[in-house]
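Good morning. I have a few places in one structure to go through, and I will take them one by one. Please have the structure open.

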Amino acid sequence: MPCHAATVPSVALFMAEGDAPVTDSKNVDDMSAEEEIEMLTEAEVKKMKRASNLRNQNGVEYAPWMNISREDEAKIKQVMKERTEARRKRQVEEQTVSGSLLVDSQAQELSGGGLRTKIIDGEVEIEWATSSEANTQGFIIKRRAARTEEFETIASFEDWGPLASRGPDGGEYRFLDTTVSPGGWVYRITEREVSGAENDICQALVEIETDEEKRNTVIATAAIGTLVLGIVAAGLLVDPNGGY
């Protein structure tokens, strides 16, 4: 039996006035974080409102329960804030550095030396590995606040033995930063050679939330999930057979 494309029922939809797509002539990289968050929030809210204002040809709303409250907008804004921070985090990681990172920003992953991070009860555990340390004395761990330029040394092979070189074949290293506070922080690992030359080998940015931010994140994520389920439900009302 020959196959035929499924026929989707035709439904007349009427959108609320003023629901034009959000556009901005300003490049997102030229915006402040607050401007970018506001732009993303406005776009998301308008998308949700479009879903809530779907009507059939008789003018009946498909999903009247999806009207967006001010509280919902605040939760959406929190999610957009996280997205903005994630995008800017990637930019921070791509900043110009010295050593192998300057030659190739992906060298850390290709060599197995990428910096891995884990937040444990507000403290940051960092871990990295090397495959060769032919002329290495040891490693230096540096840290700076996000969107600043000056690194400070928080640990060195000169005063903490576990950071000394493991030998020509390399090894794995781990360090727990117990002095960090909430906010964004960039960690960088620098190799010190026997000659005294220094080589930046890997770095990563870590975002540590306050307790209040953690609570808001959980609430905002749950709110977005509920709205998404509402959109799916609205779609089923429009076409209960899913196009079949």
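I start with D200, which is buried, with a relative accessible area of 5%. The cut-off for buried is under 20%, so D200 falls in that class. Keep in mind that this is a predicted model. Where is D200 in the chain? Its place is in strand 7, residues 198-208. What does the side chain of D200 contact? It makes a polar contact with the side chain of T190, at 2.7 Å.

Next, a hairpin. Strand 3 covers residues 136-145 and strand 4 covers residues 152-156. The two pair in the antiparallel sense, over four bridges. If you want one position to look at, take K142, which stands opposite T153 in strand 4. Between strand 3 and strand 4 there are six residues.

That turn holds R147, and here the backbone angle phi is worth a look. Most residues other than glycine have a negative phi. R147 is not a glycine, yet its phi is positive, near 65°. Is R147 buried or exposed? It is exposed, with a relative accessible area of 52%. The cut-off for exposed is over 50%, so R147 is counted as exposed.

The last residue is D121, in the loop between strand 1 (116-120) and strand 2 (123-129). D121 also has a positive phi, about 50°, although it is not a glycine. D121 is exposed, with a relative accessible area of 78%.

To recap: D200 is buried, while R147 is exposed and D121 is exposed. Thank you.

How values were computed: Residues numbered from 1 in each chain as written. Predicted model: local features only at pLDDT ≥ 70, side-chain atom pairs only at ≥ 80, totals over all residues. Heavy atoms only, no water. Pairing = 2+ DSSP bridges. Buried < 20%, exposed > 50% of the residue type's maximum accessible area, 1.4 Å probe, protein only. Polar contact = N/O pair within 3.5 Å; in protein donor to acceptor, adjacent residues only side chain to side chain.
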